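Q: Please take a close look at one part of this model. Start from a single residue and follow its surroundings outward, with the reasoning behind each label.

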Amino acid sequence: MGMVMIKCPETGNAIPTGIEMDRDRFQCSAVFFSRTYCRMCAATHEWFAREAWVYETVLANRRSGGGQPFGSGAA
Ligand SMILES: [Zn+2]
């Protein structure tokens, strides 16, 4: 999974949209349109999928293979 990012048209900074999606799925998805609130501008930016990209954030997830929680035996 990754986070869909857009470039703020005002500041040029990358801002996360809060949308999580696989990069493959994002590229295969139809062109869509969305809005994201930008903290830097305190405004809502409208954007198309072709202006966005997926920033992979799953590096931490990849390590937890078993899915076992911490603190076993704490019950
Ligand atoms: Zn902005």
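**Around Thr36**

A: Thr36 counts as buried, because its relative accessibility of 4% falls under the 20% cut-off. Keep in mind that this is a predicted model.

Where does Thr36 sit in the fold? Thr36 belongs to strand E3, which covers residues 33-38. The chain has 1 helix and 5 strands. Read along the sequence, they run β-β-α-β-β-β.

Now the contacts. Leaving out residues up to four places away in sequence, Thr36 touches Ile6, Pro16, Thr17, Ala43, Thr44, His45 and Trp47. One of these partners also has a polar link: the side chains of Thr36 and Trp47 make a polar contact at 2.8 Å. Three of the partners give a way outward: Pro16, Trp47 and His45.

Pro16 comes next. Pro16 is part of strand E2. At 49% relative accessibility, Pro16 is partly exposed, since exposed would require over 50%. Setting aside residues up to four places away, Pro16 touches Met3, Val4, Met5 and Thr36. Pro16 also has a distant residue to compare with. Its C-alpha atom is 8.7 Å from that of Tyr55, with their positions 39 residues apart along the chain.

Trp47 is the partner in the polar contact with Thr36. Is Trp47 buried or exposed? At 1% relative accessibility, Trp47 counts as buried, because the cut-off is under 20%.

Trp47 also leads to the aromatic rings. The count of aromatic pairs comes to 3. In one of them, the rings of Phe32 and Trp47 have centres 5.7 Å apart and planes at 70 degrees, so the pair is edge-to-face. The two residues are 15 apart and join distant parts of the chain: Phe32 is in the loop between helix H1 (23-28) and E3, while Trp47 is in strand E4, residues 43-48. Phe32 is partly exposed, as its relative accessible area is 22%.

In another pair, the rings of Phe33 and Phe48 lie with centres 5.0 Å apart and planes at 55 degrees, so this pair is tilted. Phe33 is in strand E3 and Phe48 in strand E4, so the pair ties together parts that are 15 residues apart in sequence. Both residues are partly exposed: Phe33 at 39%, Phe48 at 34%.

Phe26 joins the picture through the rings. Ring pairs link Phe26, Phe32 and Trp47 into a cluster. Beyond four places in sequence, Phe26 touches Val4, Met21, Phe32, Ala49, Ala52, Trp53 and Val54.

Phe26 and Trp47 are also members of the largest nonpolar core. Which residues make up that core? It has 11: Val4, Ile6, Cys8, Ile15, Met21, Phe26, Cys38, Trp47, Ala49, Ala52 and Val54. The elements that give two or more residues to this core are strand E1 (2-7) and strand E2 (14-21). In soluble globular proteins, nonpolar side chains tend to be buried together. Thr36 touches this core at Ile6 and Trp47.

Back to E3 for a second residue of that strand. Ser34 also lies in E3. Ser34 counts as buried, because its 17% relative accessibility is under 20%. Not counting residues up to four places away, Ser34 touches Ile19, His45, Glu46 and Trp47. Both His45 and Trp47 are on the contact list of Thr36 as well.

His45 is the way to the metal. Which protein atoms bind the zinc ion as donors? They are Cys8 (SG), Cys38 (SG), Cys41 (SG) and His45 (NE2), lying 2.0 to 2.4 Å from the ion. In sequence their spacing is C-x29-C-x2-C-x3-H. The angles among the 4 donor atoms span 101 to 117 degrees, and the site is tetrahedral. Cys8 and Cys38 are among the core residues too.

Burial of the donors can be read residue by residue. His45 is buried, because its relative accessibility is 8%. Cys41 is partly exposed, because its value is 24%.

Two totals set the context. Of the 75 residues of the chain, 25% count as buried. Among contacts with a separation of 6 or more, 44% come from residues 24 or more positions apart.

In short, Thr36 is buried in the model. It makes a polar contact with Trp47, and it touches the zinc donor His45.

Notes: Residues are numbered from 1 along each chain as its sequence is written. This is a predicted model: local features need pLDDT of at least 70, side-chain atom pairs count only at pLDDT 80 or more; totals for chains, interfaces and linings use all residues. Side-chain values use heavy atoms; hydrogens and water are left out. A nonpolar core is a set of buried Ala, Val, Leu, Ile, Met, Phe, Trp, Tyr and Cys residues joined through side-chain atoms within 4.5 Å. Buried means under 20% relative accessible area, exposed over 50%, partly exposed in between (1.4 Å probe, protein chains only). Helices (H or I, at least four residues) and strands (E, at least two) are DSSP runs, numbered from the N terminus. Contact means heavy atoms within 4.5 Å. Donors are N, O and S atoms within 2.8 Å of the metal (3.2 Å for Na, K and Ca); water is not among the atoms, so sites may look incomplete. Four donors count as tetrahedral if all angles lie between 85 and 135 degrees; four count as square planar and six as octahedral if opposite donors are over 155 degrees apart and all others between 65 and 115; anything else is irregular. A polar contact is a pair of N or O atoms within 3.5 Å; within protein, one must be able to donate a hydrogen and the other to accept it, and residues adjacent in sequence count only if both atoms are side-chain atoms. Rings of Phe, Tyr and Trp (its six-membered ring) pair if their centres lie within 6.5 Å; planes under 30 degrees apart count as stacked, over 60 as edge-to-face and the rest as tilted.
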